[in-house]
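Colleague: I am new to this structure and would like to learn how to read it step by step. Could you take me through some of its features, giving the idea behind each one before the case itself?

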Amino acid sequence: MRVPLVSLAFALLATALPALAQTQVALTPPMGWNSWNYFAGKVSDKDIRAAADQLVSTGMKDAGYVYVNIDDTWEGERDANGVIHPNSKFPDMKALADYVHAKGLKIGIYSSPGPKTCAGYEASYGHEEQDAETYAAWGFDYLKYDLCSYIDDVMVKQAPHDHAAQMRLMVASYDKMGKALQAAGKKTGRPIVLSLCQYGWDAVWEWAPELGGNLWRTTGDIEPNWDRIYSIASQQSGLESYSGPGHWNDPDMLEVGNGKLSLAENRTHFTWWAMLAAPLLAGNDLPNMKPEIKAILTNKDVIAIDQDPLGKQGQHAYSDGEVEVWTRELQGGAMAIAVVNVGSDRYATHPFHLNLARIGLAGEQTGKDLWAGEEIKLTQGMPLELPSHDVLLVRIDKPALSHSM
Ligand code: GAL
C-alpha cells in the first residue's frame, strides 16, 4: 500500500510530539543567574533569595533571566540512607526552591560525578539516581554537573595510562546522570536541564546532546578580565554547527559587572555571548548592580540576538588587523553583525573599513545599532572608529545579499 508522504509525516509527528513536549527544555539558550562568579564558596540561602528578588525588581526577569542557579558549596553530608543534605548555609532546599518558584523563576543546583565537588564538598558518585530524585523532590529545574574529582578518583584510578578508557568513563558518568535526571523529572513532571561542565574535553559537543545534555562548557573557567574573555570567545570557532535548540555550546557564565572590566569590555563580552547563542547566566552581585551594568544585561535587542529562535550560533567572519567582524544568521533572513576592536590601541587617522562584500552583503544596508539604540546605515568600505575593546553591534532585518552568496 502506498501511504501519501504527507499523511506519513503527520503520523510520525503525532507519535513524536508527546515525547518532544516532555523533553523540550532550553529551546533557546538558558538565561538566569549563577552564584559562582561573584560569591564562590560564600554563597548562602540568603544570597539566592536576594538574587531571585533582584531578578524581579531590576527587570531582568522580564528581560528573560529565569534560572537562579546555586553553584558549588551548598552540599552537606549524606544520612544513613545515603540521602544528601545541604550544609548549614542552606537550611531548607525545598523551601528555597518554593521561594524562587513563587517569583515565577526556576532554580538550579550543582554536583559532580566524582566523590567530591571542585570545592571539596560531597558529590554524587555512587548516588546518581538518589541525588537526581532528591533534586527533583526539592523542585530543582537545572543541574550543573562538574567533572572535578571524578578525574583523579575514578578515571585515572580505574584506567591508569589509558586515556581512551578514561574518556569512556567520563562519558558514562554523564550518561548515568542524564538518565537519572530524565527519570526523576518524568516522575515529578518537572524536566531538569542538564549542564555539562567538563571544560570541553573529548569534543563534548559531539556526544553531549545524545545523552540529554542541554548545554556543555567548551573551555576551562572564565575570569573577569579581557584576555580570558577574548580567548574563550576565540575558542568557539568551528563549534557553530553543534549548537541549536535544546543543546548549546556554553562558553561559561557571564562576568559582566565583575572584576575590573571596562564598560566597553562588558558590552563586548555580552555581545560575543549573544552572537554565540551562549547561555546567558549573569554572575554578578545583583543587589549592588550599577545602572550601566543593568543596562547591558537588560538590553532587549541584544538579548533577542542571543535568544533568536533559529538558534544558529554566529561566527567570526573575518579579521582586519586588530578588528574582528562576527556575523550571525537570524530568523526570517535577518542578520547580526558585530565589529570588535580587540586591540589595545585606539584607531586614529587610519580607521577600520568595513568590507560588506566579505560578509555577503551588497550595497547600502539599513539596520539598528543595538548599543546606541538607533538606526544606522552601513556602506561598503565605510570607516569605523572603535575604541579599544569596544564593539559595534548591528541588526539588519532585511539584508541586501550579494548574488554570489
Ligand atoms: C569549576 C567550574 C566553575 C565552578 C567551580 C566550583 O570546575 O568550572 O564554574 O562551578 O568549579 O567549584
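Modeller: We will go through the ligand site, one helix and then three loop residues, keeping in mind that this is a predicted model.

Colleague: Let us begin with the ligand; how many residues surround the ligand, and which are the closest?

Modeller: A useful start is to list the neighbours and then to look at individual atom pairs. Here 13 residues surround the ligand, and the closest are Asp 71, Asp 72, Lys 144, Asp 146 and Asp 221. When the residues of this shell are sorted by kind, seven are nonpolar, none is polar and six are charged.

Colleague: Which distances should I look at for the side chains of Asp 71, Asp 146 and Asp 221?

Modeller: Look for pairs of N or O atoms, for which the cut-off of a polar contact is 3.5 Å. An N or O atom in the side chain of Asp 71 is 2.6 Å from an oxygen atom of the ligand, a polar side-chain atom of Asp 146 lies 2.8 Å from a ligand oxygen, and for the side chain of Asp 221 the corresponding distance to an oxygen atom of the ligand is 2.5 Å. As for cover, the ligand taken alone exposes 310 Å², and the protein buries 94% of that.

Colleague: Turning to helix H5, which of its residues are buried?

Modeller: For a helix, one first picks out the buried residues and then asks how they are placed around the axis. In H5, which spans residues 93–102, the buried residues are Met 93, Leu 96, Ala 97, Val 100 and His 101. They lie on the same side of H5 because they cover an arc of only 135° around the axis. Among the elements that cover these buried residues are helix H3 (45–57), strand S2 (67–69), strand S5 (106–111) and helix H6 (128–138).

Colleague: What is found at the N-terminal end of H5, and what comes just after the helix?

Modeller: At the ends one looks for a capping side chain and for backbone angles. The N-terminal end of H5 is capped by Asp 92, with a side-chain oxygen 3.2 Å from the backbone nitrogen of Lys 94, while just after H5 Gly 104 takes a positive phi of about 80°.

Colleague: Now to the loops; is Ser 124 buried or exposed, and which side chains does it join in polar contacts?

Modeller: With a loop residue, one reads its place, its accessible area and its partners in turn. Ser 124 has its place in the loop between S5 and H6, and it counts as buried because its relative accessible area is 0%, under the cut-off of 20%. Polar contacts of 2.7 Å join the side chain of Ser 124 to that of Ser 111 and to that of Asp 131.

Colleague: Where does Ser 35 lie, and what is it in contact with?

Modeller: Ser 35 lies in the loop between strand S1 (31–34) and helix H2 (36–39), and it is buried, with a relative accessible area of 0%. Leaving aside neighbours within four places in sequence, Ser 35 is in contact with residues including Ile 48, Asn 69 and Asp 71, and Asp 71 is also one of the closest residues to the ligand.

Colleague: Finally, where is Asn 214 found, and which backbone oxygen lies 3.0 Å from its side chain?

Modeller: Asn 214 is found in the loop between helix H9 (204–207) and strand S8 (215–217), and it is buried, with a relative accessible area of 7%. The backbone oxygen is that of Gly 246, at 3.0 Å from a polar atom of the Asn 214 side chain.

Terms used: Residues numbered from 1 in each chain as written. Predicted model: local features only at pLDDT ≥ 70, side-chain atom pairs only at ≥ 80, totals over all residues. Heavy atoms only, no water. Near = heavy atom within 4 Å. Polar contact = N/O pair within 3.5 Å; in protein donor to acceptor, adjacent residues only side chain to side chain. Areas by Shrake-Rupley, 256 points an atom, 1.4 Å probe, with all protein chains shown as cover. Nonpolar A, V, L, I, M, F, W, Y, C, P; charged D, E, K, R; others polar. Buried < 20%, exposed > 50% of the residue type's maximum accessible area, 1.4 Å probe, protein only. Helix = DSSP H or I, 4+ residues; strand = E, 2+ residues; numbered from the N terminus. Arc of directions from axis to C-beta. Contact = heavy atoms within 4.5 Å.
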